[in-house]
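Consider how two copies of a chain can be set against each other, and how the fold within a chain is built up around its strands. The paragraphs below take the pair as a starting point and then move inward.

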There are 2 protein chains.
Amino acid sequence: MIDKVIAHIEAQKSANVERLNELLRIPSISTDPARKGDTRKGAEWVHMVFAGCGIKSEIVETAGHPCVVADSGPDGGGPTVLIYGHYDVQPTGDESLWKSPPFTPTIRDGAIYARGSADDKGQVLTHVFAAEAWKKVAGTLPIRVKFLIEGEEEIGSPNLDPIIQKLHDRLSCDYVALSDTPKFDMKTPAITYGTKGLIYKEIVVTGPKQNLHSGSYGGTLTNPGNAVAVIINSLRDSKTNRVTIPGFYDAVRPLTEDERKRMKALPFSEEEYRSGMGTPALTGEEGFSTLERRWARPTLDVNGMFGGFTGEGASTVIPAKVAAKVSMRIVPDQDPEKISQSFDQAVRAATPPGVKVEILNHSRASAYVSPMDTPGMKAAAAALKAGFGKDPVFIREGGTLPILPLFKKVLGAESLMLGFCMPDCNAHGPNEFFHVDDLHNGTKAAAHFLDQMAKAR
Amino acid sequence: MIDKVIAHIEAQKSANVERLNELLRIPSISTDPARKGDTRKGAEWVHMVFAGCGIKSEIVETAGHPCVVADSGPDGGGPTVLIYGHYDVQPTGDESLWKSPPFTPTIRDGAIYARGSADDKGQVLTHVFAAEAWKKVAGTLPIRVKFLIEGEEEIGSPNLDPIIQKLHDRLSCDYVALSDTPKFDMKTPAITYGTKGLIYKEIVVTGPKQNLHSGSYGGTLTNPGNAVAVIINSLRDSKTNRVTIPGFYDAVRPLTEDERKRMKALPFSEEEYRSGMGTPALTGEEGFSTLERRWARPTLDVNGMFGGFTGEGASTVIPAKVAAKVSMRIVPDQDPEKISQSFDQAVRAATPPGVKVEILNHSRASAYVSPMDTPGMKAAAAALKAGFGKDPVFIREGGTLPILPLFKKVLGAESLMLGFCMPDCNAHGPNEFFHVDDLHNGTKAAAHFLDQMAKAR
């Protein structure tokens, strides 16, 4: 049966491109209140595809933009997969930087250029088209498939937690699958099996009630700018590049020998990576490779600092207030709450006498890592190989997807992240693109995935 | 003869207030190109006072605003004093913060409120009025007095160095005297005998070519924000509050026992000083008192820092560039050039691998301290006591007056700083004021000063 499904997908190629383009023309920018109606249109468009092929679907209202929740219905008792994705998109940014208008999909050099083409409309539609193909060709899906396609991913999914709690029974599943991460490179599909968590803080140091003349007062009070430097310096060892917050590494799950070997085997060019960033040299925590640092080791970074005189030239003030935004990416099994408290304690302990320190909390999310040896992981790997003609690589991601620990906590399900787009697809920048071949190969992989999952039972 | 001169000044009180008000009505804001004509009017007004009493005076052109150079002519061979001052003023700032218009001098509670009343029109006129009084009463001055009254002090005296070099012979003198510093408090006149020097730097740290996603890249490169903290932290010991740049203290001239005793004896309230700044606690270099730190110990202060995301909330970037403005106040006999080089070396040595550092130089000036036991100093002290009815205190100043080492270098003369205005006279802020009594007592003190100098020969 899978051969017939693949043949159907092959035959639908140009229709599928045209349908993706239709969705891409809807400017469903979730952060823009003026696009509220367009964002809903995105949900309605996805809902109609399910309705059109007989997959039960509903537009579920939230406190913000709606979700599309669909269900292929009971099957013969195999595993159930919940496909997660999102139909909302990032703002366009400066439209003059786009070579073609962001909501007028344009094909150049085999790629569809449009906002949302890779993140996530093009990628999520591979799964929708695959389910539709199964339904049309076989009359039914090889396993039970549910869909949760939300409209608020690009604004931090503020209403996803309550919706999953509320629809707990309707969304129950054995695995979550999503395609919102990239391939490893042009030719190599990837399964992302881990993401880092995030703790984002702001350290605000205040001294005198207003900026003071550094000549008249200097030397007799603690300068908030010097104090911020002392505090931040205390949080990291600049020789070993390790975080020095007490207990910070206690719960860090070590990389397995298998993981380290697999990362080492990846065709990764340090020099290309360095020159891509444009930084003078690669540095990082001693004892780990660049990919290990990037994907699997916790970090602490200044995101911004500001205070005192910041104009051109010189002004001899002692700043009344200096602040630094500082965030940590954490890994399994670091507990965000514990690390957050240890951070606060370390900052207070490092604050020199003579200034006040306030610590603001901006966000907090757990890391996620999936077990490698599950039937779902094996099925996903086989499906990617079948769709792209090449074994996928297993990678992790330094960024944060708060939904993954959420699915694990509420639904008890592990997530499978199947990446179809290019790593440099400009997801949040101008000229976002998705290769036409990746749409088709991704759709085939998604069809194989359901087949493989059925066999995995 | 001095009694007659004082009697004349007493008789001239209201005329002198009216003449000061006349000068205060001229908005001689040197930094404002639109006030170029008004600034020149300030010079012309001062020139006319000299001309009116028979003191030879000239308006000397510079590349910017002109100077008034006057000379009482040869006397009987005593010491020659050069009176330095300035007729230009600071901008008004937000005029809505002024209780009366800044260029409409208004007397409230015994003080003249106007821009420039204390800094420096009111204070420099005490010397002009005193010289005039001597000339009118005695027909001649007790010593030879020269005047250099410039129009660019508030913009950093950019043309003073060449003018002093050029007029070297005409300005030659045994002492420079100036009144551009405050009294110690309401009742106590002060002689300021030392100022700190200044070295102002900007440390610019660059890493990647643009801001990077802290999840995707964090942990694999040196973060310029963390690097700036490491660098600044390395320059000072936050426990001892001492600067850690190698050799920094080598040339620092220790406070004499006499100085320390004198500072200790001053009626200085730490708690009033602290609450005036609104800072939680007084801190500073170990082993020194607050006044010693403020006036006589070198310091290193952050004046501003900026880079990365500085808006509201959170943005997970690794900044491409973070900069910090850092300045040092130096003391005798630290060499600005040497300290500047040591600073640069220390910054480079502390810069972690993986980022580039650039060091910008914004300004550099030497410290100044006058010997205490000169005949001039004794004459100044006696004059202040005669004028204000109370012995002056000897203080130093944390701020920087680059003209003092310039006079020392070019003319070989020590400076005597006689302070007549209040320490909280709002010199550069709204509602600047000068007490009417301080104008009169200052004029008397200036007259006594010439008398005392004549006796000191």
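Copies are superposed here by least squares on the C-alpha atoms of residues with pLDDT of at least 70 in both. This is a predicted model, in which local features need pLDDT of at least 70 and side-chain atom pairs count only at pLDDT 80 or more, while totals for chains, interfaces and linings use all residues. Residues are numbered from 1 along each chain as its sequence is written, and chains are lettered from A and ligands numbered from 1 in the order in which they are written.

A turn of 180° with a shift of 0.1 Å along the axis lays chain B on chain A with an RMSD of 0.1 Å. The two copies are therefore related as by a two-fold rotation axis. Both copies use the same surface, since 100% of the contact residues of chain B recur in chain A; two residues are in contact if their C-beta atoms, placed from the backbone, lie within 7 Å.

The contact draws 70 residues from chain B and 70 residues from chain A. On the side of chain B that touches chain A, the largest share, nine residues, comes from strand S13(B), where helices (H or I, at least four residues) and strands (E, at least two) are DSSP runs numbered from the N terminus. S13(B) runs antiparallel to strand S13 (residues 299-308) of chain A, to which five bridges join it, and two strands count as paired if DSSP finds at least two bridges between them. Within this pairing, Phe306(A) has Phe306(B) as its bridge partner.

Away from the contact, attention turns to strand S3 (residues 80-86) of chain B. Seven of its seven residues are buried, so S3(B) is largely enclosed by the rest of the structure; a residue is buried if 20 or more other C-beta atoms, placed from the backbone, lie within 10 Å of its own, exposed if 12 or fewer, and partly exposed in between. One side of S3(B) carries Thr80(B), Leu82(B), Tyr84(B) and His86(B), and the other Val81(B), Ile83(B) and Gly85(B). S3(B) pairs in the parallel sense with strand S6 (residues 144-150) of chain B over seven bridges, with His86(B) opposite Glu150(B). Four bridges also join S3(B) to strand S7 (residues 175-178) of chain B, again in parallel, and there Leu82(B) has Val176(B) as its bridge partner.

For chain A as a whole, the secondary structure comes to 15 helices and 20 strands, and buried residues make up 54% of its 457 residues.
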